[in-house]
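Please walk me through this structure, beginning with its annotated domain and ending with its charged pairs.

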Amino acid sequence: MKKISVEERPEWRRTVEQQGFTFHTIDGERYWDERGYYQFTEAQVSKDLEAPTQALHAMCMDLVERVVESEELLTRLAIPPAFFDLVRTSWKEGHPHLYGRFDFAYNGTGPAKCYELNADTPTSVLEAAAVQLLWLEEQVARGVLPPQATQFNTIAEDLVRAFAAFSTGGPFYFSAISGSVEDRGTTDFLRQMAGLAGIHTRHIDIEDIGLTAQGRFVDLNGHWIQRLFKLHAWEHIFHEAFGAAVPTCDTQFVEPAWKAILSNKGMLPLLWSFNKGHPNLLAAHVDTNPGGPVPKGWVRKPYFSREGANVALHTLDGEQVVEGGPYTDAPYILQEFASLPRFGDSYALVGSWVIGDVASGIGIREDDTLITKDTSRFVPHVVLD
């Protein structure tokens, strides 16, 4: 694994915007950065990233099977009791799921270490599935990259295949909070993939979803929302007014309610306890003293944080890095510290995607600090021996 500098494509901004990637720049700073790329060998990808992703996914499915049978474990994961049956039933009935992303620390040698699983509302799928793939194709065509250069990236085609497996029915609604350019870019891309699978799709802002007196979710025209992809986390839905209607409604949700077990970091201590010593896992336990200092060699994370918010780490060398944020109303975990690799002035995080039940590709985020945030740059990758 190495980082290689490369010239940008002419008119790259216009090119990515034509793909629906309008948030390539955030607050005047690059979010998409094609001035370099990360290069992997085939063996690094297949042995160190793809195979562990598949194995970890299987471990997570086993974890869900265990947790739904235990009210004690559901409680430990801060799932409200009123939703125990919803979560359990969605798993027992096999409600289909779409995607997730493991975040790894990986430097090209030794086992990748799993930081967490973004199982419910992962973003950056547009960048990983489409934007970096077009970059590769155009750079090969321009002679900047050799013709044998590839990517570990079947995300788009696997999404189409996953959508095709959904049962037929009425329109499939895709929803996100209004005003978020990134979230809308994500849902519009997923709508496109669903459309390629022959599914009729519609967009609706989360705020525009209505609820009838009979407990049915509807759109602004009063039409039944039979199927809903919601880029809105279950831990929020559980505590919102409309959330109380979800257990008895007749809407199919994607992601399904059982993803609430995997979408919070409280599952990381359980994953470790069920698979202690696994080379791709980091030791983790519930933090019983979240107000105290972070021990050296550990990282404190809230159950429900996003994009590095409210994470605090203390390296073995004594360096401490703290990221602020709003996620202060849930339990915390402590996870063994494993450093991201540094390339020049940047620390690189590997996001490894699972579409349905298949390891499908990677995307790289880099930051100037050890904590990857919502503004961390997305950098393309190449597989080349």
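The C-alpha atoms at the two ends of residues 12-383 lie 22 Å apart, and this span is 27% helix and 24% strand, where helices (H or I, at least four residues) and strands (E, at least two) are DSSP runs numbered from the N terminus. According to an unreviewed UniProt entry, the span carries the annotation "domain: Glutathionylspermidine synthase pre-ATP-grasp-like"; such annotations may be inferred rather than shown by experiment, feature names are shortened, and positions follow the numbering used here. The model is predicted, so that local features need pLDDT of at least 70 and side-chain atom pairs count only at pLDDT 80 or more, whereas totals for chains, interfaces and linings use all residues. Residues are numbered from 1 along each chain as its sequence is written, and side-chain values use heavy atoms, with hydrogens and water left out.

An open sheet of 3 strands has the order 1-4-22, with mixed pairing, two strands being paired if DSSP finds at least two bridges between them. Strand 1 (2-5) and strand 22 (381-383) are the edge strands, each pairing on one side only, and neighbouring strands are turned by 35° against each other on average, direction ignored. Strand 4 (residues 36-40) runs parallel to strand 22 and is joined to that strand by 3 bridges, with glutamine 39 opposite valine 382. Helix 2 (residues 42-67) packs on the sheet, touching strand 4 and strand 22, and its direction makes about 70° with that of strand 4; contact means heavy atoms within 4.5 Å, while axes are lines fitted to C-alpha atoms, for helices over the stretch in contact, and angles run from 0 to 180 degrees between N-to-C directions.

The structure holds 23 salt bridges, each a side-chain nitrogen of Lys or Arg within 4 Å of a carboxyl oxygen of Asp or Glu. In one of them, arginine 377 meets glutamate 366, the closest N and O atoms being 3.1 Å apart. This pair links distant parts of the chain, arginine 377 in strand 21 (residues 377-379) and glutamate 366 in strand 20 (residues 358-367), 11 residues apart. Arginine 377 counts as buried because its relative accessible area is 17%, and glutamate 366 is buried at 1%; buried means under 20%, exposed over 50%, and partly exposed in between (1.4 Å probe, protein chains only). Salt bridges that share partners join Lys3, Glu366, Asp368 and Arg377 into one network.
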